[in-house]
Amino acid sequence: PSSAASDVYKRQITLASTSSKVLVIHNTHELKMQCSGNQDMEASVTIERTTTGDTFDAVGVARARVRDNNHPGGKLQHQVTITYVDSGFSNLANTYNATCKKESNSLDAWAYHNQMILIEIGA
């Protein structure tokens, strides 16, 4: 899939059994943070699972944080890869969301998510 600059990136999988597990591999090839002055910069990418389509009732299953202490200002760019095995489903249809979140109000943060792979691992 092509890159998308956004704060939410979605992929769906329908399982053969609720006793299966899902291997989630997500790559954010550019997590960018920007500030105007001398401050700490921190942002995160969180993988969440929801079972009700577009309703955002997600359960956080994995998270990666990026931090730079006392940055003089400007932009920082990081690559973030999350690999996680998820289990404990109550529904066969599951949507995984990768969200980018800034951890400071005076910071701008955005992500270019370029790939999320979901693989069912049979029970």
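Modeller: Before we talk about this predicted model, one definition is needed: a residue is called buried when its relative accessible area is under 20%, exposed when the value is over 50%, and partly exposed in between.

Colleague: Why is isoleucine 117 called partly exposed?

Modeller: Isoleucine 117, whose place is in strand β8, has a relative accessible area of 31%. Partly exposed is the class between 20% and 50%, and therefore isoleucine 117, at 31%, is called partly exposed.

Colleague: What makes Val85, Ile117, Ile119 and Ile121 a patch on the surface?

Modeller: Residues of a patch need over 30% relative accessible area and no salt bridge, and nonpolar side chains are joined within 5 Å. For Ile117, the value of 31% is over that 30% cut-off, so this condition is met. Together, Val85, Ile117, Ile119 and Ile121 form a nonpolar patch with about 280 Å² of accessible area, and strand β8, residues 108–121, gives the most to this patch, with three residues.

Colleague: How do you know that arginine 49 forms a salt bridge with aspartate 86?

Modeller: The closest N and O atoms of arginine 49 and aspartate 86 are 2.6 Å apart, and a salt bridge asks for a side-chain nitrogen of Lys or Arg within 4 Å of a carboxyl oxygen of Asp or Glu, so the pair qualifies. This pair links distant parts of the chain, since arginine 49 lies in strand β4 (residues 39–50) and aspartate 86 in strand β6 (residues 74–86), 37 residues apart. A search of the whole structure finds one salt bridge.

Colleague: Why does arginine 49 count as buried?

Modeller: The relative accessibility of arginine 49 is 11%, which is under the 20% cut-off, so arginine 49 counts as buried. Aspartate 86, the partner in the salt bridge, is buried as well.

Colleague: What makes histidine 26 buried?

Modeller: Histidine 26, in strand β3 (residues 21–35), has a relative accessible area of 0%, and because this is under 20%, histidine 26 is called buried. A polar contact of 3.5 Å joins the side chains of histidine 26 and threonine 28, while the C-alpha atoms of histidine 26 and leucine 118, 92 residues apart along the chain, are separated by 8.7 Å.

Colleague: How do you know that β4 and β7 pair, and which way do they run?

Modeller: Pairing requires at least two bridges between two strands, and eight bridges join β4 to β7, so these strands pair; they run antiparallel. In one of the bridges, threonine 46 has threonine 99 in β7 as its partner. Strand β7, residues 93–102, is mostly covered, with seven of its 10 residues buried.

Definitions and conventions: Residues numbered from 1 in each chain as written. Predicted model: local features only at pLDDT ≥ 70, side-chain atom pairs only at ≥ 80, totals over all residues. Heavy atoms only, no water. Patch = residues over 30% accessible without salt bridge, like charges linked within 9 Å, V, L, I, M, F, W, Y side chains within 5 Å. Areas by Shrake-Rupley, 256 points an atom, 1.4 Å probe, with all protein chains shown as cover. Helix = DSSP H or I, 4+ residues; strand = E, 2+ residues; numbered from the N terminus. Buried < 20%, exposed > 50% of the residue type's maximum accessible area, 1.4 Å probe, protein only. Polar contact = N/O pair within 3.5 Å; in protein donor to acceptor, adjacent residues only side chain to side chain.
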